Amino acid sequence: WAQFDSEAYFQHYYGEPHPDDDLVIQLAAAALAKAEPLGAKLDIVDVGTGPNLIPFFSAFPRAAKLTAWEYAESNVAWLKADLKRDTLRPQWRHFWDVARKAHGVTLPDNPLPALKAMTDVRQGSIFDLPKAQWDAATMFFCAESITERYDEFEQACACFAQCVKPGGAL
């Protein structure tokens, strides 16, 4: 992970919108909309965020605070730099528009000022997540991409599930 090229990954996977990414946003937004307590702002963590703002777009209207829990130092630096921008990159515009439509509520044209204020980017392993810390947690592809060993996959999923408070949403 020390050699991971975050910008190349971003350009390759998010350079052109794909319908499966739109669906991921729609499903994540719908799931978070149903998270208890309904209508309340939530403290939300995304685990294994990578060079990706989609988890934040999906959680935006429900989030009081967002935490990116990311292992790769290059991804941590990339996330911090992208969140410092004043405007969305052109690649993110499409995904933010999908998220705005999926949420069905009025959201700002540019989410970056709010995301800057509410997001904490932390470097850490999925295996080191604190227990019962967040109201809700998302994870897009992390557990299955870190190992080919089923026992490690199960342990990663258990650590993920245990990071939410009792009654929290995954």
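These questions and answers cover the cores, strand pairing and aromatic pairs of a predicted model.

Local features need pLDDT of at least 70 and side-chain atom pairs pLDDT 80 or more, while totals for chains, interfaces and linings use all residues. Residues are numbered from 1 along each chain as its sequence is written, and side-chain values use heavy atoms, with hydrogens and water left out.

Trainee: Which element gives the most to the largest nonpolar core?
Mentor: A nonpolar core is a set of buried Ala, Val, Leu, Ile, Met, Phe, Trp, Tyr and Cys residues joined through side-chain atoms within 4.5 Å. Buried means under 20% relative accessible area, exposed over 50%, partly exposed in between (1.4 Å probe, protein chains only). The largest core here has 33 residues; Ile44, Phe57 and Trp92 are among those with the most contacts inside it. Five of its residues come from one helix, α5.

Trainee: Which residue stands opposite valine 45 in β4?
Mentor: Helices (H or I, at least four residues) and strands (E, at least two) are DSSP runs, numbered from the N terminus. Strands pair if DSSP finds at least two bridges between them. Four bridges join β1 to β4 (residues 134-139), and the two run parallel. Opposite valine 45 stands alanine 137.

Trainee: Which β5 residue stands opposite tryptophan 134?
Mentor: β4 is also joined to β5 (residues 164-169), in parallel, by two bridges. Val164 belongs to a second, separate core of eleven residues, which also includes Val45. The residue opposite tryptophan 134 is valine 164.

Trainee: Are the rings of tyrosine 9 and tyrosine 13 stacked, tilted or edge-to-face?
Mentor: Rings of Phe, Tyr and Trp (its six-membered ring) pair if their centres lie within 6.5 Å; planes under 30 degrees apart count as stacked, over 60 as edge-to-face and the rest as tilted. Both tyrosines lie in helix α1, four residues apart, about one turn of the helix. Their centres are 4.5 Å apart and their planes at 40°, so the pair is tilted.

Trainee: Which of the three classes does tyrosine 13 fall in: buried, partly exposed or exposed?
Mentor: Its partner, tyrosine 9, has a relative accessible area of 26% and is partly exposed. For tyrosine 13 the value is 41%, so it is also partly exposed.

Trainee: How many residues apart in sequence are the parts tied together by phenylalanine 57 and tryptophan 92?
Mentor: These two form an edge-to-face pair, 5.8 Å centre to centre with 90° between the planes. Both are buried. Phenylalanine 57 lies in helix α3 and tryptophan 92 in helix α5, so the separation is 35 residues.
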